[in-house]
Amino acid sequence: GPPLLAVKHLGVAFQTDQGQVLAVDDVSFELESGQVLGIAGESGCGKSVTALSLMRLLPQPVSKITEGEILFKGQNLLDFSIGAMRKIRGKKISMIFQEPMTALNPVHTVGRQIAESYSLHFPDMGEKEKNTASLQMLAKVGIPDARQVMKKYPHQLSGGMRQRVMIGMALACEPDILIADEPTTALDVTVQAQIMDLIFQFRDTTGMAVILITHDLGLIAENCDRVVIMYAGTVSESASVTTLFHHPFHPYTKKLLQSIPSRAQTAKEPLPTIPGNVPVLSKMPVGCRFAKRCEHALPQCENQRPRMMSVSSGHFAACHLVYDCEKKLNFDK
Ligand code: SF4
Ligand code: MG
């Protein structure tokens, strides 16, 4: 059958003072059941915009999907009505955010919000049933005194507790896909590890797929099966985690990997940073968007947009060097 999710040539435009700009351009990737896919890149690279597109939750009316397909079990979500999309969201595809306060309603108790999310997806559920389900769900996400927590307002809980509540709500309907956008960035390291464990426990018991959006490559190395590296709204490279970390191809990926702090580093060795800046959306170069910062740029890089090409099986990079290597390989034969 078709993959659980196939994003094909996604393009998202934003209306700005400088006119329409492409915040996401030609983004493609696939996801299978039970798989954990990392989407990584610096802030502003389009990873959150990509995630919001999958949920059809892009900010309106300033942004819109201009190109591509989002195939969920073979059906293009971009053809779905608002009503049909509402049934997918939260039930088939759920999303959790960095700051749960944005997703939780500050003026309602936790219990009421959980009950409301059940009402939305299971309209026939009675009050008693909803209460039981809520208590079970809170216990599942590791909240010990669930009955007390239900009576509280979001601001009365710690950041880690709020994140657990949000995960519980996101997982209540056992979605096929959980999109987690920087889910642990605001939390301390210990709580971070607990939250990731919680997500993966659910993956193991339900077989749901996870899209983990983060700028933290360490988190990806530890938790993901595949990874998509984004730069300035485009995909630079995608591969299995093993391949990406051991045989990165794209010059941007190589730079990113060099910038991971390693334990061996001492105070005397400053962290390597990538020279130059990410191009601004309104002034995107026509060729490779990384060209200005790339040490390996070829003459064609400035004017020709590199398309995604296969480096090896399951390993893709959008870089003119792929073609260059192929030519060299053929020449050697
Ligand atoms: Fe560098 Fe050219 Fe590859 Fe872009 S396409 S990453 S500029 S070599
Ligand atoms: Mg973001």
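These are my notebook entries on a predicted model of one protein chain with a ligand.

**Entry 1, overall build.** I began with the secondary structure and counted 12 helices and 12 strands in the protein chain. Next I looked up the radius of gyration, which is 21 Å. The globule rule gives 20 Å for 333 residues, so the chain is as compact as a globular protein of that length. I also took the extent of the C-alpha trace along its principal axes, and it spans about 70 × 50 × 45 Å.

**Entry 2, burial and contacts.** I checked how much of the chain is buried: 37% of the 333 residues. Then I turned to contacts between residues at least 6 apart in sequence. Of these, 62% join residues at least 24 apart.

**Entry 3, the core.** I looked for the largest nonpolar core and found 84 residues in it. The members that touch the most other members are Ile177, Leu178, Ala180, Val210 and Ile211. I asked which helix gives the most to this core. It is helix H7, residues 159-171, with seven residues. I then followed alanine 180 on its own, leaving out residues up to four places away in sequence. Alanine 180 touches Ile96, Ile199, Val210, Ile211, Leu212 and Ile213.

**Entry 4, a sheet.** I traced an open sheet of four strands, in the order S2-S1-S4-S5, with antiparallel pairing. Its edge strands are S2 (19-31) and S5 (75-76), each of which pairs on one side only. In general, strands of a sheet pair through backbone hydrogen bonds. I looked closer at S4, residues 63-72, which pairs with S5 in the antiparallel sense over two bridges. For phenylalanine 72, the bridge partner in S5 is glutamine 75.

**Entry 5, helix H11.** I went through helix H11, residues 251-258, for buried positions. Pro251, Tyr252, Thr253 and Leu256 are buried there. What do the buried residues of H11 pack against? I found two helices, H9 (217-223) and H10 (241-246), and two strands, S9 (226-231) and S10 (234-240).

**Entry 6, the ligand.** I ended with ligand 1 and found 14 residues surrounding it. The closest are Cys288, Cys294, Ala297, Cys301 and Cys319. I sorted the shell around ligand 1 by class: 11 residues are nonpolar and three are polar. I found no charged residues in that shell.

Definitions and conventions: Residues are numbered from 1 along each chain as its sequence is written. Chains are lettered from A and ligands numbered from 1 in the order in which they are written. This is a predicted model: local features need pLDDT of at least 70, side-chain atom pairs count only at pLDDT 80 or more; totals for chains, interfaces and linings use all residues. A residue is near a molecule or strand if its C-beta atom, placed from the backbone, lies within 6 Å of it. Ala, Val, Leu, Ile, Met, Phe, Trp, Tyr, Cys and Pro count as nonpolar, Asp, Glu, Lys and Arg as charged, and the others, Gly among them, as polar. Two strands pair if DSSP finds at least two bridges between them. The radius of gyration is taken over C-alpha atoms; the globule rule is 2.2 Å times the number of residues to the power 0.38. A residue is buried if 20 or more other C-beta atoms lie within 10 Å of its own, exposed if 12 or fewer, and partly exposed in between; C-beta atoms are placed from the backbone. Two residues are in contact if their C-beta atoms, placed from the backbone, lie within 7 Å. A nonpolar core is a set of buried Ala, Val, Leu, Ile, Met, Phe, Trp, Tyr and Cys residues joined through C-beta atoms within 7 Å.
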